[in-house]
Every structure is written in C-alpha cells, then in structure tokens.
Amino acid sequence: MKASESPSANADLVLFTAKDQFTTRPFRASEFDGELGSSALYHAEDRLEIHIGLGQQESLSGHSYRLAAAHAARKATAAGSTEIALDISETEEFVSEIAEGLLMGFYRFDQFRSDTPEQSLKKVTLVGPKKTLKSTRAQIARGIAIGSSISYCRELGNLPGNEIYPEKLALEARQIAESDVVKCKIWNLAGLKREHFGGIVAVGAGSANEPRLIRLDYNSGSRGVPTVAVVGKAITFDSGGLCIKPGEHMDEMKFDKMGGCAVLGVLRAVLSLKTRANVIGILAAAENMTGSSAYRPGDILRSYDGKTIEVANTDAEGRIVLADALGYVREKVKPDLVIDLATLTGACVVALGEERAGLFSKDETISQLLCSVGDQIGEKVWPLPVGDEFDEMITSKVADVRNLGSTRWGGASTAASFLLKWTDGLKHVHLDIAGPAMSSKERFYRSEGASGFGVNLVVRFIEKWAESFQNL
C-alpha cells in the first residue's frame, strides 16, 4: 500500500458512494444505490471502476469507511484486479480506517489449499493532493499497523491444533519480542510446576503438548504513563477434557485460543504504534485433552496465589488457567489496569448473540469508555452483572471456590465472578468474547473463521484511557 498524487494507467478505480449522494451514475437505482454492503462494477473505456456503497450520508463514520474498504478489497480480488487506486482527497479524516479495512478485506486463510489461485492484486495506491498525502501519512501507517495486527490474530486463530499449540504460541511471542522495547519470558512445564501454577499445569496435563505461560513486556519509554496488563485465555484446542464435548462442532474448539491470539495482536500493534502506555501481555496457554494424566471432576487444584479450586467440570477450564494468570498479575505485575479476553462461556453467546462481547467490570467509568470505543469501531461490548448472587453459586464445600455454578443460570456472570476472586484490589475488566471471536459466515471484512475481535478494541481503549490517566 502506497500514497501517490495520481494512479498509474494500470490501476482500477475504487469509488465510495453514499446512498443518494449523486443523481447521475452509470447504473440504475435497482443495480446500485450506495447502501452499505452494496457494490457494482463499471467497465469504463480504459479501466474498471469498482463502486462501493457507504450507506446513509448523515450517518457516515470511520467504521462505515472501514467496512466499505474491506468490501472493496474483496470485490477487487474477485474481479481479478492487479492494481487498484482509491481517491482519499475527500475522506482525509477516515484514511486510517480505510487502510485498516483494505488489509482486513484482503485477508484469506488458504495456506493449506493446493488449488488456491495466486492473489491477483499486487498493488494498492491511495491517491490525493500532495498536501493531503503529507498530512495523512501517519494515519495511513496507523491503519496498516492495526489492520495487519488484526489479520495476524486471525491467521493464528484459524490455525488448527496440529499446527498451533502452546509451544508454538510461545515462539510467536518470541518473534514479537525481537524488538528492543519488548521483552519476553516463558514458563515451560518444569517452570510452571516449580512456581506453583497449579491451574495451568492441571488443565494441560492430559495433552502430549505441554502448557506454557507467556509474558510480553512493552515499555513505552515514557514517564508518567500507566501500565496495562492484557491477559488472554489461550486454549489451543479444547476437547472438554474428561467432560468431553459433543462431536458436532468440536472442530471449532481451535478458536478457544482467540483471547490469547488477541493479546499477541495487541502487543504487535502497540509496538508498531509506539503507544504511550506500558503494556504487558500474558497468555495462559494449554491444550485441554483426555490423556491418561488428565485432571478429573472432583479434583482440588491450588492456583498460583494459593487459592484452591474444586473442579466441578473439566470443560470449564478457561477460568482455571486465567486464575493462575490473573493471580500472577496481581502479585507480581501490579498494573494500573488489567483486561482479560477469553472465549469463556456459551452462556454469553446465548445472552448477547454472536456480534457483542460481554463486559464485566466494577468500574463504571472504564465500562463506559470501552462501550464507547466499541461502538465507534464496530467491536461492540455490552455490560453484564457481577455480584453476591453469583458468588453464592460458585461457593464450594471443600475448596475456596468451585469452577462451575451450582445451576445453569447466569453462566457468564458466574464465570466472571470466579475471575474477580483473583483480581481483588485491581482495576479489572473481563471481556467474554465467545460470540464475536469467530464468524460462521463471511460479512464485510470478516471471512468465515477467526475474526480478530479485541485487537482494535483494546488498542484504542488503552490509548484513550492512557490519555485520561495522564490528565488526572
């Protein structure tokens, strides 16, 4: 992707059009009306024109352009374009979102297909006056940083369990830490046992692939900035353990690592953006399998900080590995804020559907800011409750806490209440991303599979929260 004052003679043109924006066009209204998600191709004398709808003029936003750019990338690829040009002279304020959308729309998970044709599109040019290009250069770079980090998260998420497992996630983290401003620490099985990460060890015990705890530290180099810990559930495959899942859709359990993949995407993005906050990424990585050493219902586990957990169900494993990670963050990191992302409960999907993440926090200001950021960028979250009534449901008679509610009701909130027991004294946000972490159908920039949800949301939230933090 590059910027230029004029397109080359070989470039096909992408034209954004709001609904009812103009009266003369090469199409009938029944063919193309500018509605968001609509598109049409026009074969001009010397090149192809790809017309993309933006939706209603009065409701245009950065996200409108993000979606439209992603749609443009898909249409150009399908049309066999080798080069496209997009005029940004009238969309200067949205150029970051356009760059994001183009990269996200180009993404395909096809590395394992032998019949996939070579990508025809080789070059994208953003066209505008020299003054516009100069003023938007940083925004173009920003969009590329975020869009490529989301695509990276999606690629990791789509990889199956035989290709990506805890050790491989650790190698991905080490690659991010090749920069001087990011440090990496990894606990292997021996280290986990030595430092008493009893939850991660137990969940990973039934697999031939040993668990890992992964820590990445991004240091902004700035004084007076907050430290934010971002914690991800990274179950690289979840069979359910001895409480095994039904066979139908079990292949989708490769997506149980999406919280951890999002954390890697966040670290990759803040590094590229030189974000003015210190960001620490923690991945609790394990494979939940049924081998001869698998943990059992009825087991009592001791987590990193000494709390004990009664295992009521081995398929409620995500909260167990997160308990270790969050306990470690509270005792050793002591950040100004901790955010965890996890495909934690099917109950959250039942409550909110597949487009919104559940948001759990006792801090109203942080909750409102996250909701606002999510609405702006199309990664929506919705506040759900935690409280005493949910604590009662995870009370154990034989341990400090039970890993499953005593009834089927309020499952997302009982899981969140479980996690809060390991973040006492910290500002904490739990995001249950079980719904939006993967998509069962293609729509705009979301191809079927991993969506990359959470990368953009957390990066933009950290930026805005860090600004308010510094103004206190």
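**Exercise 1.** In which loop does Q57 lie? Determine also whether Q57 is buried, partly exposed or exposed.

*Solution.* The model is a predicted one. Q57 is found in the loop between β4 (48-56) and α1 (62-78). The relative accessible area of Q57 is 41%. Buried means under 20% and exposed means over 50%, so Q57 is partly exposed. As a further step, consider T17, which is 40 residues apart from Q57 along the chain. The C-alpha atoms of Q57 and T17 are separated by 8.9 Å.

**Exercise 2.** Compare the span of helix α2 with the expected value, and establish how many of its residues are buried.

*Solution.* Helix α2 covers residues 95-106 and has 12 residues. From its first C-alpha to its last, α2 reaches 17 Å, close to the 16 Å expected at 1.5 Å a residue. Of the 12 residues in α2, 11 are buried, and the helix is mostly covered. Among the buried residues are V95, I98, L102 and F106, and also E97 and E100.

**Exercise 3.** How many residues of helix α12 (residues 411-420) are buried?

*Solution.* In α12, 10 of its 10 residues are buried. They include G411, S413, T414, F418 and L420.

**Exercise 4.** Locate K185, classify its exposure, and name the surface patch to which K185 contributes.

*Solution.* K185 is placed in strand β7 (residues 182-187). Its relative accessible area is 42%, so K185 is partly exposed. A patch residue must have over 30% relative accessible area and no salt bridge. K185 forms a positive surface patch together with R194, K332 and K334.

Definitions and conventions: Residues numbered from 1 in each chain as written. Predicted model: local features only at pLDDT ≥ 70, side-chain atom pairs only at ≥ 80, totals over all residues. Heavy atoms only, no water. Patch = residues over 30% accessible without salt bridge, like charges linked within 9 Å, V, L, I, M, F, W, Y side chains within 5 Å. Areas by Shrake-Rupley, 256 points an atom, 1.4 Å probe, with all protein chains shown as cover. Salt bridge = Lys/Arg side-chain N within 4 Å of Asp/Glu carboxyl O. Lys, Arg positive; Asp, Glu negative; His and termini not counted. Charge placed at Lys NZ, Arg CZ, Asp CG, Glu CD. Helix = DSSP H or I, 4+ residues; strand = E, 2+ residues; numbered from the N terminus. Buried < 20%, exposed > 50% of the residue type's maximum accessible area, 1.4 Å probe, protein only. Expected span 1.5 Å × (residues − 1).
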